[in-house]
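Reader: Please put the model in front of us. I will ask about its parts one at a time, and each answer should end on what was asked.

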Amino acid sequence: MKNAAFKNTLRTIWRTRARYFSILCIVALGVGFFAGIKASKPDMIRSTDIYSDSQNLMHFRLVSTWGFDEADVEKISAVPGASVKRSYFYDAIISNGSDESEAHFISYDKDSDINQLWLKDGRFPVKSTECLLDSAASAFVNGSRITVLTKDPNGTISNTDFTVVGHAYSSMYVSDFEHGNTMLGDGDIDVVVFIPKDNFIIDVYTELYVVFEDMKAENVYSNGYLAAETRRKAELEALLKETGAERYTRTVAEAENKITEAEAEIEDGEAKLREAEKELADAKSQLEEGEKQLEEGRALLEEKRLELEEGKKEYEAGEAEYNRKTIDAANASTAIIEARRQYSEGYEEYTEAALRAEKELSDAREQISVAEVNLEHGKEKLDEARETYETVRKLYDDAFHVYEELRKSYEDIKETIGMDKEKGLIKEQFDKAYEFFLSIGAKLDESKAELDANQAEYDRYCAELDDARVKYEAGVKTSEEELAKAEKKLSDAKAEIEYNEDLMINGAALLEEGRKKLDEAKKQIEEGEVQLAEGEAELAEKSAEFEEAKAKYAAGLEEYNEGVAKIEAAKAEVEDGKRQISELERPESFIYTRYDNGGYEEFGQNAERIGNIAKVFPAFFIIVAALVSITGMSRLVSEERTQIGTLKALGYSGFRIFSKYLFYCLSATFLGCILGLSIGYKLFPFVIFKAYSILYRIQVINIPFQWADAIIITSISLAVAALTVLFSCLKAVTPVPAQLMRPAAPASGKRVLFERIKFIWKRLSFFSKVTVRNAFRYKKRMIMTLIGIMGCTALMLCGFALKDSISDIVAKQFDDVMHFSAMAYADGIEREEINEIENIVRSYDKSGSVTAAIQKSYSVSAGEGKTQNVYVVAPESSDKADRIIDTKSRTTKERYTLEPGYTLLTEKLAKNLDVKIGDTVTISVSDTKKADFKVSGILENYIYHYMFVSPESYAEMSGETSGYNMLYIRYGIIDANQEEQMAAEIVNTDHVLTMMLQSVVRKMFSKMMEALNLVVLVLILSAVLLAVVVLYNLASINIAERTREIATLEVLGFNDKEVSMYIFRESIVLSIIGALLGLGLGRILAFFVINTAEIDMVMFGREIHIWSYLLAWGLTVLFSLVVNLFMNRSLKKISMVEALKSVD
Amino acid sequence: MSFISLNGVTKRYRTGNVVIEAAKNMTFDIEKGELAVIVGPSGSGKTTILNILGGMDSSDSGTISVDGTDIQFFNRKQLIEYRRHDVGFIFQFYNLIPNLTARENVELAAQITRDFIPAEVILEKVGLKDRMDNFPAQLSGGEQQRVSIARALSKKPKLLLCDEPTGALDYATGKMILKLLQDTCREDNMTVIIVTHNSALTAMADKVIHVRSGETVKVIKNDVPVPVEDIEW
């Protein structure tokens, strides 16, 4: 029996599988979404807990103005359950070669298990010059080098150059963007650097990390944890106070001891110095004496040297003389030999000459005698000739005379005669005679000349003879004289030779003597030289000794002076020490908890936000799921009305019949729960976690199946399902069988309110009227359809709105809110240098400008407990604030100006601090100094918090009067290459440390925001799924309920299109209306979600684009159409025969 | 050629492995203006014939001709047209659209035909002049059936098919409806086919077609039909 009933149930399920499945799906969707979103918060918190515990994240960080020593560590370690990590930190500006950043150095200690690092890439440092960076510093690639630029006067770290070997996630930094504050640069720590412990060379630990076992056992963010934290913190505070006091006393005592010791030492030193002074004086007089002696020795040596030089010179002269003389002697001897040879030659010559002269003389005499004879002879001849001639001559002269007479006669007659012939003849005769006379006369003259010549020759001969005679006479005389002379010469020469020979012999003896003397002198000179050299060597030695002594003295003197200075210094030190002791401040300790750590609390808050969303969001799904189940079940029960009646008639109890539907619904719900929970528990927390991992880096994602919750959710779902069934069956199961066997009275037609508006109603087409009336006929279904569709549209709009608000931030922030194109970090830059930079900017864009500001990160609070980390910005002049940010309100569009004593806050900051215009906010300038500002305006801003104050107020607040650290650079659109070039130029100027282009920052943010799209996608997909299930369910019920009506229409000859339109026009109208209503609901939901999902640092956009409305609406209607189109198929399946059946 | 002529119409239904012959070689003729009654017990195949004649189903073999048109080879579209313009259907359970008033129910049919009688006219004719704006739920069974008849007639069909028109009505009301049908047949020369298991109705018919187990048992021409008022059952 039971078997048959069970089979019947299964068959019912199979027959109505689409409905069964739709119930299953809607339950799965509702439960999955609810459970998933709900689990996200605990999953986030649990993951953080597991992550912190696995990394053994510190519970407390202790910092002291004095640092900590071993004694402190021991004291704290002695607390039961406590373990302590000794650590150092050091803040410095570092450079990677191009950019400068504020870095926080932390010692890396591989032996300690507290605050472990989770390696992201690379490896842990081994050498002391290697470093590991916090994962956020991915811009510093492995293998690159960083250099510490900040001066380290206290000698905190030993190296200033490090090689990056890896990146790690540090559990101390939960947020990628917050690494705490520093006194350096812009106040924000950019990079956390882990360097091996041995780099730190200071003798106290700068920080201690403490982990307590009992706190580890508690879950983070839990009340238990907070209670334990408060208790332990108080304990640590007491302990630190105690150790601090001890340390102070001990230090003062030690210092005083040291001073006493030092004073004794100083006295000692002074005594020693006095002694040294005396010694030095002695040494000085000795030195002076030595110098004198040395001088004397030097003079003596100089004298000796001079003497020696002279001797040497003399010797050299002697030697030269000797050599000359030796040569002379040799020459003389040669001369003598020559002379002798000449002499003998001369002698021979003389003899020869004597003989020759004698012979010559005799020859001459002979010649003279011959000549005398010849002459005698010649005289005779001559005389004879003369006589002849004289005779002839006389004849001739006579003859001639005759002729002359004749001639004269002739001449006389010649005139008388006048006969020419005879005259010629005579004349010729005469001429002939004349010629004859002439020739004789010539011959006579010739003879006379010959005679004269001979006479002359004779005379000459006579003269010659006379000469020869004289010559002879002279020759005899000369010859005699010459011979006598030669003889004399010879004898003279001989005498000279002899004399010279004597002389030579004497000279050789003299030379010998000179040689001997010279040799002696040479020996003396050599001896003198040796002595001199010895003397010099001695002198050199002595002088070296002297120099040494002098140097020693100088060193001694210097040492002495140093000693004096040291004593002076020591005295000053002692004085200083004494003063320090009197001025010494007691050690002050600070205890930081995990909550003081950047991002840690924020993450908890974010988990809380997700928790808030979990409270509202899934309600939709639950409501829709319940509605879908109810309609589904009611339909099923009414469909089986007859069967129920039959069963009742057969004697089945109401409960038995009821249990069938109970099983139907519960099994669908149960399966839906299993499906929904198993997907929901994994999917939603995972997606949410992934979205948050853009901002936080919890490395553990722990998303277990939450059994307890799952059981509770399933139980509640089943209970609701059971109630649904009860509600649906109550009407069907209670009546008597007979009543049930009869068809239920069909829902009656009614005029709707709408018909009363006649003028519209009349204008409606027949089918429109039918549609309107049909819609209102099934009110329950209409409302459900509307709710379902509204829900879908609302969810979708919420998704789109979330996307809008997120993606809008970037465009709004960078295009509208921020009024600058780049930021440059500078170190104390002044207006003159800023003008220089402005010129650079203007060379790229004429309208460019540079606005300087002081921008620092401060902790700002308002009222009780609300504290935010804020960038406080003081522009160079109050009216330049709007060159940095759009100084207007988002809501009222009012523009604000900056005034001293007042501040302009960004919107999200105002919201977080819960302040309005006119309220007061407080900046913590230091632990002891606070500054109050009245809020005069709230500015539109989306990313980070800013607080603008006037430069006067800032100067008053901080005590700093000049030196801007931030430049806001504004220029038009220039292309990327030029922009880069300009940036490089600006960075190259002095004072500018780094530069950040808004275009780059913008890209980074866009990327970050894109990741959140994942959440949006899930939301939209869920909405679509919900839409499909609801619409399908409703459409299928609509068709099932009206099968008969549809069949009738078919019989009446309606074609397919007409039938579809008759049925679906209603769904479509409801979809359109429902979707419109859904937009309103979606808007409310979206703002709620945006408000709760927002992160502290960021304000999401508050505008939903018209496109999102259109899209949400259009998509819903589209899905409705698609579902209806799909349902058209089952419409066609309806047989007209249904129309003939009886009503059931 | 008769107005309606069925010749050897056979129809088989297959349910699982079982093949049921719902109609076997059915053959009969109905003349124009005749009131024919197809009578037989449950499962005799009378509803099958009604379906086939009404264009809601097609035969497997045999010929069906209506006003000279063979409808057995009509495709789906032609069948819709046939139902739309040529056939008026009256259901046992009236099959009124509950959400529409009497007038609107009539209009629903008229809306889709080319030539129709205005709802007010036809409703007046069936005696519902005063109840035109009432919803079906506000009408009695007989009234509802009259609306149904009005709806069928409003589109000026060639034949009126009635499936147990009195099945859900009490005796008196049933009689009134039958009277209306007979009057329509007589006055408007309308061909009316009534399918019923009640053999008492055969008296009022011009032609009675007896069916059993899917076969035409006999076709009797009744030359003297009895007025409805005189029929008792």
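Reader: Which residue of E11(A) is the bridge partner of Phe60(A)?

Author: This is a predicted model, in which local features need pLDDT of at least 70 and side-chain atom pairs count only at pLDDT 80 or more, while totals for chains, interfaces and linings use all residues. Residues are numbered from 1 along each chain as its sequence is written, with chains lettered from A and ligands numbered from 1 in the order in which they are written. Strand E1 (residues 60-68) of chain A pairs with E11(A) in the antiparallel sense over five bridges; helices (H or I, at least four residues) and strands (E, at least two) are DSSP runs numbered from the N terminus, and two strands pair if DSSP finds at least two bridges between them. In E11(A), Phe60(A) is partnered by Thr593(A).

Reader: By how many degrees are neighbouring strands of this sheet turned against each other on average?

Author: The sheet is open and antiparallel, with its four strands in the order E2-E10-E1-E11 (chain A). Strand E2 (82-87) and strand E11 (589-593) of chain A each have a single partner strand, so one side of each is left without a neighbour in the sheet. With direction ignored, the average turn between neighbouring strands is 15 or 25 depending on the sheet; for this sheet it is 25 degrees.Reader: What angle does the direction of helix H3 (residues 70-77) of chain A make with that of E2(A)?

Author: H3(A) packs on the sheet and touches E1, E2 and strand E10 (205-212) of chain A; contact requires C-beta atoms, placed from the backbone, within 7 Å. Axes are lines fitted to C-alpha atoms, for helices over the stretch in contact, and angles run from 0 to 180 degrees between N-to-C directions. The angle to E2(A) is about 160 degrees.

Reader: Which helix gives the largest share of the side of chain A that touches chain B?

Author: The contact takes 25 residues from chain A and 23 residues from chain B. Helix H13 (766-777) and helix H20 (1043-1051) of chain A each supply at least two residues of the side of chain A that touches chain B. The largest share, five residues, comes from H13(A).

Reader: How many residues on the side of chain A that touches chain B are charged?

Author: Ala, Val, Leu, Ile, Met, Phe, Trp, Tyr, Cys and Pro count as nonpolar, Asp, Glu, Lys and Arg as charged, and the others, Gly among them, as polar. By these classes, that side has 12 nonpolar and seven polar residues, and its charged residues number six.

Reader: Which helix of chain A helps to cover the buried residues of H3(B)?

Author: Nine of the nine residues of helix H3 (residues 102-110) of chain B are buried, that is, 20 or more other C-beta atoms lie within 10 Å of their own (12 or fewer would be exposed, in between partly exposed; C-beta atoms placed from the backbone). Among them are Arg103(B), Glu104(B) and Glu107(B). The cover includes helix H4 (119-125) and helix H5 (141-154) of chain B, together with, from chain A, H13.

Reader: Are H5(B) and H6(B) roughly parallel or roughly antiparallel to each other?

Author: The axes of H5(B) and helix H6 (residues 171-188) of chain B come within 9 Å and cross at roughly 20 degrees. The crossing is right-handed, meaning that the near helix is turned clockwise from the far one by less than a right angle (anticlockwise is left-handed). Angles under 35 degrees count as roughly parallel, over 145 as roughly antiparallel, 65 to 115 as roughly perpendicular and the rest as oblique. H5(B) and H6(B) are therefore roughly parallel.

Reader: How far apart are the axes of H14(A) and H21(A)?

Author: Helix H14 (residues 779-817) and helix H21 (residues 1056-1093) of chain A pack at an angle of about 45 degrees, which makes H14(A) oblique to H21(A). Their crossing is right-handed. By class, the contact has 20 nonpolar, eight polar and one charged residues. The axes are apart by 6 Å.

Reader: Which strands stand at the edges of the open sheet of six strands in chain B?

Author: The order in this sheet is E6-E7-E8-E3-E9-E10 (chain B), with mixed pairing. Two strands have a single partner each, so one side of each is left without a neighbour in the sheet: strand E6 (87-90) and strand E10 (215-221) of chain B.

Reader: How many residues of E8(B) are buried?

Author: Strand E7 (residues 159-163) and strand E8 (residues 191-196) of chain B pair in the parallel sense over five bridges, and five bridges also join E3(B) to E8(B) in parallel. Both faces of E8(B) are covered, with Thr191(B), Ile193(B) and Val195(B) on one side and Val192(B), Ile194(B) and Thr196(B) on the other. E8(B) is largely enclosed by the rest of the structure, because its buried residues are six of the six.

Terms used. Contact = placed C-beta atoms within 7 Å.
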